[in-house]
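The following exercises are to be worked with the sequence and the structure at hand. Each task is followed by a solution in steps.

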Amino acid sequence: MGWAGFLLRRFAGTAAVVLLLSVGVFLLLYLAPGSIQQTLLGTRPATAETIAAIQARHHLNDPVALQYLRWFGDVLRGDLGTSIRTGMPVSDMLGQRLPLTLALVGYGTLLAALAGIPLGVLGALRRGRVTDRLVVTAGVVGLSAPPFAVGLLLLVVFALWLGWFPVYGTGQGAGDQLWHLTLPAAALALGAVGLLIRFGRAALVREMEQDYVVFARARGLSGPLVLGYAMRNSLVPILTAAGLVVTGMLAGTVLVEVTFALPGLGSLLVDSVTFKDVPVVQALALLLTVLISGVNLLVDIGYSIIDPRVRLGRSVS
Amino acid sequence: MLRVDDLTVRQPATGRTLLSGVSFEVAPGESVAIVGESGSGKSLTVRALLGLLPGGLESHGQVVIDGQRVDDDPRARRRQRGGTVSLLMQDPFTLLNPLRKAGRQIADGLPSGADPKAEVPRLLAEVGLPAEVAERYPFQLSGGMRQRVGLAAALAAAPRVLVADEPTTALDATTQREVLALIRRVQRERDMTFLLITHDLRLAFSMCDRIMVMYAGRVMEVGRAAELREEQHHPYTRALLAAEPPADRRLAVIPSVPGSVPAHDAVADRCGFADRCAHAVAACRVGVPELRSIGAAGVPEARPLDGGRLSACVRAEELPVAPAPPLGVAATPRGAAEPILDIRDLRKTYPGASRPALAGVSLSVAPGEIVAVVGESGSGKTTLARCVTGLERPDSGTVLLDGGDCSDYTRMTRQAVRRARRTAQMIFQDPYSTLNPARTVGATLKEALAADGRPPDVGALLDLVGLDPALAALRPANLSGGERQRVAIARAVAGEPRLLVCDEPVSALDVSVQAQVLTLLAGLRERLSMGMLFITHDLAVVRQLADRLYVLRAGECLESGPVQRVLDAPDHPYTRKLLDSVPDGSSAWPGQSSE
């Protein structure tokens with residue numbers, strides 16, 4: 001069993017998860033309060049013609065299974081339906097807003113990793129000393145602070161008082177956009193830093209006490225080489241944490257985008273839920289499902305790159 | 001080559017002292033064994049020697065390696081590791097970095113400038129492994145191969161001193177013998193100084209020139225292996241040697257010492273062994289006896305640390321000669337009673353396994369009979385035990401417990417399962433994970449008694465297994481390994497089962513505790529007339545305890561019969577090989593390395 005088989009199995013697993021969840025997403029339409037026709041009509045007047053038009057367009061007289069298949073077929077072809085609120089194709093709306101959210105999550109993850117992993121390593125190497133205690137305390141603070149509150153605090157301090165960063169908006173051009181996204185990304189990253197410190201520190205502390213590290217030191221391997229042994233072995237829990245961080249951030253963007261008035265998927269979700277714009281909510285839910293499954297798939301592939309036992313199987317000897 | 005002077009290891013956070021007053025010397029090219037049970041401080045001694053103590057411990061005392069004082073100079077220590085002194089550790093399964101190929105781990109330790117392409121295959125060949133092992137990950141190698149890779153890695157920087165901390169304890173008996181033979185061959189070829197840590201006195205006799213016996217964090221006795229083997233000048237050394245059961249004869253009783261190894265601080269003001277010693281006098285308890293020289297006629301020798309006999313017993317010269325323990329006889333085969341356990345053609349293959357774990361094993365246990373199942377890892381012996389108790393489901397074959405068919409617990413009625421569980425109970429190997437850590441001993445035992453509808457008389461049950469009834473209020477974390485195993489035995493025999501299935505019940509215990517538990521099991525068999533299915537890898541234990549034995553290899557039964565007949569005159573070459581793997585304490589053992 002080599003790489004190809006391993007990847008094939010992982011992809012198939014992910015596809016199965018997405019397929020299963022798409023059923024749930026489709027049924028959101030039926031879970032929304034009120035009749036389906038009303039939901040789909042939104043604020044338009046409910047006359048006999050408009051209802052008939054809705055029924056014909058959404059094939060509401062067909063069995064639910066058939067409706068689902070038709071909807072899923074449309075989704076696969078890139079047709080996510082039409083927004084009730086704006087009348088625009090949903091796919092266009094998502095397309096406009098996805099890049100901002102992805103940039104925000106990517107930037108936030110980068111900040112979190114750049115701060116959290118080195119701090120975790122520092123804490124582990126200085127275990128029990130003042131530095132370690134400071135690092136651990138910082139981690140707890142980060143973990144317990146809610147992103148929207150942190151967002152407000154950052155806004156007040158860095159945008160209003162100090163004026164280093166803009167209060168809202170996305171900016172023009174790469175550099176300016178980066179500047180605009182820094183505060184929201186930092187707000188998102190703070191909790192993730194706490195998580196990464198915790199996981200990273202605990203993993204490295206555990207690995208540094210393992211026999212193979214003592215054995216490596218005992219036969220005279222250099223300090224950096226020994227640290228490399230331990231780091232590589234603590235990557236699996238760190239990667240697990242990183243996966244949690246990215247998926248957590250995808251959800252966290254909702255609050256942060258609203259706080260910083262950013263036109264991303266999160267604020268779109270809030271608006272759509274408020275307006276009962278079910279096609280958009282469905283599309284967003286499906287998109288988040290795919291993104292989160294994708295992250296998990298990447299994490300799984302990451303495991304197998306780090307640890308040969310995952311892809312080669314344990315029971316060889 | 002090595003000199004340790006008045007070494008002390010302390011844990012500052014708790015103020016505990018773990019070992020003190022340890023001094024010894026090792027000459028260039030000499031091999032010395034440090035022998036002791038767990039808690040003796042033998043591993044801490046070498047960790048302190050190498051400056052590799054676990055976190056939270058600190059050591060004091062002079063350490064001189066290769067003429068250089070290193071105890072106050074961490075840099076010198078780091079420089080010396082690898083090239084001057086190297087360590088081989090106990091557990092081959094945790095000793096290697098699991099994510100790095102074997103060859104690269106060996107190459108990591110090579111001195112700078114050496115060519116890995118030439119050196120790694122040469123080192124692998126030296127430890128008897130083919131060159132392609134370099135491309136394998138540790139999890140693709142067997143335990144014995146991993147330990148060989150570990151040895152190659154420890155040798156990579158050509159150390160002049162090799163320290164081995166229980167290098168073969170985690171290996172099968174036959175593999176242990178091969179690896180020990182290999183270590184000795186390599187040590188002689190390279191003319192290395194060798195320091196061996198072991199719990200097995202007979203293994204130490206075979207492997208080393210000199211022996212140092214430790215107990216409760218102190219040195220008890222030092223001497224040349226040959227002399228120490230002939231005559232011990234400390235009662236503890238005697239007890240340790242006596243508690244290790246012989247494989248070639250059955251003793252009436254395995255001499256065991258009551259109690260277990262105390263903490264160093266608990267005996268800080270007296271001889272550590274006095275409380276367990278049959279020869280103790282008042283003088284033993286007034287102070288810590290000094291390690292002193294025992295000459296041929298009690299004359300102090302000029303160089304006490306170099307080759308002389310030393311003992312920390314105040315009565316070293318006047319100890320009476322220990323009588324040879326009386327021999328016992330194996331119980332005569334029981335009458336043709338209906339067997340309590342009857343297994344016929346049991347087969348089991350685990351999903352994804354390349355060969356069956358059990359390939360048609362038949363066996364029977366009569367009431368009150370102790371039947372041993374002997375084998376190494378992979379022999380299927382544990383699978384057999386788990387099938388009998390319904391923890392695994394065999395693919396085919398029958399298990400008859402007291403006449404009832406118990407081959408498949410999932411298809412039995414609730415009453416039948418209950419009856420089977422009351423008939424057969426099990427004791428597991430690891431005393432540290434067998435008890436629920438959150439419950440007190442009393443609660444655990446009360447539950448076992450209630451399950452059988454018996455009155456909750458925990459005190460009597462603890463008494464039955466030789467424990468103080470006051471232990472009922474404690475949780476497992478406060479008990480020693482031997483005490484935990486006794487509690488586990490009490491739990492198993494609470495309902496007076498007619499069959500006790502024991503899966504390696506003494507292999508995780510120290511020898512002195514092992515002797516106690518074996519004596520307890522033999523006594524329980526008499527008192528409760530239980531049959532026992534005793535799973536073990538240790539032929540010496542089989543010789544002492546069992547009536548009949550079955551030898552398993554790779555899921556097949558190779559040989560069976562009464563213990564005396566099979567062990568005195570084995571039919572199958574594999575049984576002979578197993579017998580040869582038991583250390584006999586002679587300098588001929590472990591023999592030539594097969595490569």
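## Exercise 1: The domains of chain B

In this predicted model, the centres of domain 1 of chain B and domain 2 of chain B, taken over C-alpha atoms, are separated by 37 Å.

Task. State which residues make up each domain of chain B, and describe the contact between the two domains.

Solution.
1. Domain 1 of chain B comprises 2–84 + 159–231, and domain 2 comprises 341–433 + 495–580.
2. Six residues of domain 1 of chain B and eight residues of domain 2 of chain B take part in the contact.
3. On the side of domain 1 of chain B that touches domain 2 of chain B, there are one nonpolar, three polar and two charged residues.

## Exercise 2: Helix H5 of chain B

Task. Compare the expected span of H5(B) with the distance between its end C-alpha atoms, then determine how many of its residues are buried and what they pack against.

Solution.
1. H5(B) has 13 residues, which at 1.5 Å a residue should span 18 Å, the interval count being one less than the number of residues.
2. The end C-alpha atoms of H5(B) are 18 Å apart, which agrees with the expected span.
3. A residue is buried if 20 or more other C-beta atoms lie within 10 Å of its own. In H5(B), 12 of the 13 residues are buried, so the helix is largely enclosed by the rest of the structure.
4. Among the buried residues are B:Met145, B:Arg146, B:Arg148 and B:Leu155.
5. The buried residues of H5(B) pack against S6, helix H3 (102–108), helix H4 (116–126), strand S7 (161–165) and helix H6 (173–190) of chain B.

## Exercise 3: The side of chain B that touches chain A

Task. Give the number of residues in contact between the chains, and name the contributing elements of chain B.

Solution.
1. Chain B has 28 residues in contact with 23 residues of chain A.
2. Strand S6 (85–88) and helix H5 (143–155) of chain B are the elements that give two or more residues to this side of chain B.
3. By class, the residues on the side of chain B that touches chain A are 15 nonpolar, 10 polar and three charged.

## Exercise 4: The setting of B:Pro28

Task. Locate B:Pro28 and decide whether it is buried or exposed.

Solution.
1. B:Pro28 lies in the loop between strand S2 (16–26) and strand S3 (31–35) of chain B.
2. B:Pro28 counts as exposed because it has 12 C-beta neighbours inside 10 Å.
3. Leaving aside neighbours within four places in sequence, B:Pro28 is in contact with B:Met1 and B:Thr193.

Methods. Residues numbered from 1 in each chain as written. Chains lettered and ligands numbered in written order. Predicted model: local features only at pLDDT ≥ 70, side-chain atom pairs only at ≥ 80, totals over all residues. Contact = placed C-beta atoms within 7 Å. Helix = DSSP H or I, 4+ residues; strand = E, 2+ residues; numbered from the N terminus. Nonpolar A, V, L, I, M, F, W, Y, C, P; charged D, E, K, R; others polar. Domains from an automatic or database assignment.
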